[in-house]
Amino acid sequence: MIPLNPINTFLLPVVAAIFFSATTAQAGGIVNVYSARKEALIKPLLDDFTVATGIQVNLITGKADALLKRLQVEGSATPADLFITVDAGRLHRAKESGMLKPVSIPVLEQRIPEDLRDSEGYWYGLTLRARPIIYAKERVNPDELSTYEALVDAQWKGRLCLRSSQSVYNQSLVAATIDAIGPEASQQWMQGMVNNLAKAPSGGDTDQLKALAAGVCDVTIANTYYLGRLINSSKPADKALASKLSVFWPNQSGAGAVGRGAHFNVSGAGFTKYGKHPEQAQALLEYLASGPAQAWYADINNEYPVVQGVAISPALEGFGRYKMDSIALEILGQNNRQAVQLMDRAGWK
Ligand code: FE
């Protein structure tokens with residue numbers, strides 16, 4: 001595991017070696033970043049990048065849709081060079097907005113698996129997030145669980161909590177399901193889950209976990225880093241809450257779609273169409289894909305690195321081994337509109 005605080009001493013030599021070998025000529029200058037990730041989740045890395053390269057990073061954080069809107073309003077006058085956000089659905093939305101530009105970066109194409117980046121180079125995944133089933137240990141035997149699809153079974157009647165269909169996380173889950181089992185079966189699946197709801201969808205992923213711990217429901221679908229955050233929290237109440245919950249990796253075995261693996265997504269970044277510092281932006285992106293940066297970046301939010309062979313945090317190790325759905329994540333964006341339509345038809349509020 002990578003230590004969270006002594007990152008400077010840990011990262012510097014490696015980063016410097018990677019960076020200066022590739023882009024010594026462009027050392028210095030600035031890069032402007034629009035990030036939908038919270039400052040705490042990325043700023044320390046950016047600071048290290050500056051120390052290693054002399055490139056100043058100007059970070060502007062905000063909500064993904066607002067930042068995208070800002071890019072559109074600013075047009076060619078935008079100062080932004082890189083756009084960082086979470087969810088392949090949102091990255092695709094940014095691509096479709098015309099505000100990103102495709103860039104082929106051999107280092108990234110080599111380090112980041114094909115499934116986790118846009119095939120045309122409009123965006124690159126930088127961290128991986130898993131969205132499996134999470135259950136209340138007291139009331140659910142994991143032997144009762146198997147697949148996302150099986151959450152429609154009668155035994156889960158009144159025992160399921162789901163976040164709303166407005167959540168891009170759920171839209172992307174449905175987009176992946178459409179690819180796996182087709183639109184009709186996906187709609188039936190969602191109708192079945194809606195039938196099993198303990199209450200109307202509301203709140204974020206953490207609220208679903210709280211509802212499980214409070215006995216409102218017994219199973220949900222949520223990103224694992226929310227559970228990781230509770231496990232690592234300094235508040236005893238959070239730890240107590242987390243101790244009542246466990247992760248179940250669905251769709252791990254069986255032929256075809258049944259054994260496709262658990263749903264995964266990414267946070268990622270793309271070059272803005274009108275960025276003025278492409279060399280510095282490329283250097284930053286390459287840095288974010290370097291081994292130590294990957295470990296830290298994933299670790300700080302309990303996500304998984306996109307680069308293979310990078311160690312993961314003890315909290316994530318504790319969630320066990322899993323097989324992830326190998327769907328090309330750009331499909332999540334391509335299927336988003338249909339997913340939203342089908343969610344609506346299925347009555348998923
Ligand atoms: Fe999140």
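In what sense, and over how many bridges, do strand 1 and strand 2 pair? In this predicted model, strand 1 pairs with strand 2 (residues 56–61) in the parallel sense, and six bridges join them. One of the residues involved is Ser35, whose bridge partner in strand 2 is Thr61. Strand 1 spans residues 30–35, and five of its six residues are buried, so this strand is largely enclosed by the rest of the structure.

The iron ion is bound through tyrosine side chains. Its protein donors are the OH atoms of Tyr169, Tyr225 and Tyr226, at 2.0 to 2.1 Å from the ion. Along the sequence, the donor residues follow the spacing Y-x55-Y-Y. Tyr169 and Tyr226 are 57 residues apart and link distant parts of the chain, Tyr169 lying in helix 6 (residues 168–181) and Tyr226 in helix 9 (residues 224–231). Both of these tyrosines, Tyr169 and Tyr226, are buried.

Helix 9, which carries Tyr226, also packs against helix 10 (residues 236–243). The angle between helix 9 and helix 10 is about 130°, and their axes are 7 Å apart. The two helices, 9 and 10, are therefore oblique to each other. On the helix 9 side, the contact is made by Leu227, Leu230 and Ile231; on the helix 10 side, Asp238, Lys239, Leu241 and Ala242 take part. Sorted by class, the contact of helix 9 with helix 10 comprises five nonpolar and two charged residues, with no polar ones.

Note on methods:
Residues are numbered from 1 along each chain as its sequence is written. This is a predicted model: local features need pLDDT of at least 70, side-chain atom pairs count only at pLDDT 80 or more; totals for chains, interfaces and linings use all residues. Side-chain values use heavy atoms; hydrogens and water are left out. Donors are N, O and S atoms within 2.8 Å of the metal (3.2 Å for Na, K and Ca); water is not among the atoms, so sites may look incomplete. Helices (H or I, at least four residues) and strands (E, at least two) are DSSP runs, numbered from the N terminus. Buried means under 20% relative accessible area, exposed over 50%, partly exposed in between (1.4 Å probe, protein chains only). Axes are lines fitted to C-alpha atoms, for helices over the stretch in contact, and angles run from 0 to 180 degrees between N-to-C directions. Angles under 35 degrees count as roughly parallel, over 145 as roughly antiparallel, 65 to 115 as roughly perpendicular and the rest as oblique. Contact means heavy atoms within 4.5 Å. Ala, Val, Leu, Ile, Met, Phe, Trp, Tyr, Cys and Pro count as nonpolar, Asp, Glu, Lys and Arg as charged, and the others, Gly among them, as polar. Two strands pair if DSSP finds at least two bridges between them.
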